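Dear colleague,

I am handing over the structure we spoke about, and below it you will find notes on its pockets and on one of its sheets. Please look through the structure before you read on.

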Amino acid sequence: MKLSDIPAKFNIPFASAAGGGYVRTVPEASQQSITPGAASLTDGFPPLTFQPVGAGGIPPFGQDFNGILKQITQWSRWQGAGGTPNYDSAFATAVGGYPKWAVVAGSSAGVLWLCLVDDNTNNPDSNPTGWMQLISAQYVPQFAPANFRSLLLNGGFTVNQRAFAGGSLTNGTYGYDRWKAASGGTSISVSGTVVTLLGTIRQVLESPDIASQVVTLSAESPSQPLAVSVGGVTGTIPAGLGRQSVTLTLGAGVTGNVNVDVTASISTTFQKLQMLVGSYPSPWRWLAPGEETRLCQRYYVTFVPGVVSGRLGTGQLLDSGEFHVSISLPNIIRDPSTMTVTQGNLVRVVTATVDITGFNAANVYQNVFSIRFTSGTVTGGPYAGLLQTKTTAGFLTIDNEL
């Protein structure tokens, strides 16, 4: 058989304009004891219609001919138009389960399931045993916006400069980079790529220019629904296997910095959270770890060598004890006028090793961080020296989160 052998399609079902008196649905149950001579899916046309009228037979009903041909051609028309039926629990029970290699549509747009075993009564959307996700919206190229870079940073929760071990966060406290608790009692942890959340986390987007835009938030395989809010516009990412999403239409007032909240009312697992401009989810956009970290370091950067005498930079020591140090940053700090600098367990190494006691001033010029540390006085300066860690806990941190 050749592709060109395809028969003509049914543009309309057989008997589509037949009046009610000329067509009727052929029922499944036998009609022999109800309407003599009436057809059914069980009997077809009953024996009585095969007997001569003179011998007590009854002619077949024209309504039944029209009815069965209409039912058949309705399905033929649907299939000719490329239709794929959804999983049907009642049908699966009636036929003893779907056969191997059957294809059904999932409850989420763009999802198709392939049956891998015979007699399969499992609903693939809730119990995919014996099913394989053949295709989903995330694999359909035309569903993706032209620019599908996620507006969220660290949606995979892999950047963790604070070395947060997972667990409870107080309201307003950051754990994984760019994500902070937005409610009391929030708990979040990450194992591999799987995030477990209870409560609300928030990322503040820096002037994303999304007023009056349509945006789509999506997550991979959330175990429970996730409530989301973008600039006060709310929706829910449904639970389910594969990429699940919700599309929001933002108002004209969603301007400036924008809060994006994700809430799990009960402990919920999910993976790979992202937010795109457009009406559809797209494939997860993977960023190299170094690139993702560098983007997060516009808002928070910490230098923690984790060793004794870990070198952080070089500087000039004045007689007053001021130690001027410049350090190259991986990214331009968001707003140096509002940054918070903290340090601990640092020393200057000049003619001797002396503790850093604090700092007088700090500033950023492009990606160069300049800071004036305080330490013990000297004579005969200025001297060149090194800024190093005193212990393995030595650190220098710039916090410029929103």
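A pocket, as the word is used here, is an open set of grid points where a 1.4 Å probe fits, with protein on both sides within 12 Å along at least five of seven lines. Please keep in mind that this is a predicted model.

With that meaning of the word, the second largest pocket holds about 200 Å³ of space, and its lining consists of Ser150, Leu151, Leu153, Arg178, Gln203, Leu205, Glu206, Ser207, Pro208 and Tyr299. Sorted by class, these lining residues comprise five nonpolar, three polar and two charged ones.

The largest pocket has a volume of about 300 Å³, and the residues that line this pocket are Glu28, Leu41, Gln71, Trp75, Pro85, Asn86, Asp88, Phe91 and Tyr98. Its lining is made up of five nonpolar, two polar and two charged residues.

Turning to the sheet, three strands form an open arrangement in the order E13-E22-E16, and their pairing is antiparallel. Because strand E13 (300–303) and strand E16 (340–344) each have a single partner strand, they stand at the edges, and one side of each is left without a neighbour in the sheet. On average, and with direction ignored, neighbouring strands of this sheet are turned by 10 degrees against each other.

Between E13 and strand E22 (residues 395–399), the antiparallel pairing runs over four bridges, and threonine 302 stands opposite threonine 397 in E22.

With best wishes

Notes. Residues numbered from 1 in each chain as written. Predicted model: local features only at pLDDT ≥ 70, side-chain atom pairs only at ≥ 80, totals over all residues. Heavy atoms only, no water. 1 Å grid on protein atoms, 1.4 Å probe; cavity = no way out; pocket = protein on both sides within 12 Å on 5 of 7 lines; lining within 4 Å. Points joined across faces, edges and corners; volume = space filled by probe spheres on them. Nonpolar A, V, L, I, M, F, W, Y, C, P; charged D, E, K, R; others polar. Pairing = 2+ DSSP bridges. Helix = DSSP H or I, 4+ residues; strand = E, 2+ residues; numbered from the N terminus. Axes fitted to C-alpha atoms, helices over the stretch in contact; angles between N-to-C directions.
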